[in-house]
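Grab a pencil and keep the viewer open. Below are a few short exercises, each with a worked solution.

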Amino acid sequence: DRAVSGIAYAAESAYVRMVHDSLAGDPEHVARLTVVGPIGPGALHEPDDVADELWHLHTRHDRPLLVLR
C-alpha cells in the first residue's frame, strides 16, 4: 500500500532538491510543502500557519523542502 507512495515521495523530493539547487541565484525557484494531518480551524494545522509557511517558501527561497507535522 505505502511502498509505492513512499518511493514516489522520495523521488519527488530528490527532484525538487535537484531543481532547487540548479536554479540557485535565478529568480525562479522550486519548493515543496508537505502537510501531514488535517488543515482547518482547530485542526492540527491552522490555515494561517500553513499560509505563512507557503509565503516563506515563496519569498525566501532558502529551503527546497518543508514538512509540517
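Helices (H or I, at least four residues) and strands (E, at least two) are DSSP runs, numbered from the N terminus. Residues are numbered from 1 along each chain as its sequence is written, and side-chain values use heavy atoms, with hydrogens and water left out. This is a predicted model, where local features need pLDDT of at least 70 and side-chain atom pairs count only at pLDDT 80 or more, while totals for chains, interfaces and linings use all residues.

**Exercise 1. Get the overall layout: find the pattern of helices and strands, then the extent of the protein.**

Step 1: count the elements, and you get 2 helices and 2 strands. Step 2: go along the sequence, and they come as α-β-α-β. Step 3: lay a box along the principal axes; the C-alpha atoms fill roughly 40 × 35 × 10 Å. Step 4: look at burial. Buried means under 20% relative accessible area, exposed over 50%, and partly exposed in between (1.4 Å probe, protein chains only). Of the 69 residues, 20% are buried.

**Exercise 2. Check the length of helix 2, then work out which side of helix 2 is buried.**

Step 1: the expected span of a helix is 1.5 Å times one less than its number of residues. Helix 2 covers residues 47-60, so its 14 residues should span 20 Å, and the end C-alpha atoms are indeed 20 Å apart.

Step 2: pick out the buried residues of helix 2, namely V50, H56 and L57. They cover an arc of only 115 degrees around the axis (taken from the directions from the helix axis to the C-beta atoms), which means they sit on the same side of helix 2.

Step 3: turn to the other side of helix 2, and you find D48, D52 and W55 exposed.

Step 4: ask what the buried residues pack against. Counting a contact as heavy atoms within 4.5 Å, the partners are strand 1 (32-35) and strand 2 (65-68).

**Exercise 3. Describe how strand 1 and strand 2 are joined, and give the hand of the crossover.**

Step 1: two strands pair if DSSP finds at least two bridges between them. Here 4 bridges join strand 1 to strand 2, and the two run parallel.

Step 2: sort the faces of strand 2: L66 and L68 are on the covered one, L65 and V67 on the uncovered one.

Step 3: find the residue facing L68 of strand 2; V35 stands opposite. The chain gets from strand 1 to strand 2 through helix 2, and this β-α-β crossover is left-handed. For reference, a crossover is right-handed if, with the strands pointing away from the viewer, the path from the first strand over the helix to the second runs clockwise.

**Exercise 4. Say what stands out in the backbone at H61, and where H61 lies.**

Step 1: H61 is in the loop between helix 2 and strand 2, just after helix 2. Step 2: its phi is near 55 degrees, a positive value in a residue other than glycine. Most residues other than glycine have a negative phi. Step 3: H61 has a relative accessible area of 29%, so it's partly exposed.

**Exercise 5. Compare the burial of S13 and G25.**

Step 1: S13 belongs to helix 1 (residues 2-22), and its relative accessibility of 9% makes it buried. Leaving out residues up to four places away in sequence, S13 touches R32 and L65. Step 2: G25 is in the loop between helix 1 and strand 1 and, at 83% relative accessibility, is exposed. Step 3: G25 and H61 are 36 residues apart in sequence, with their C-alpha atoms 9.4 Å apart in space.
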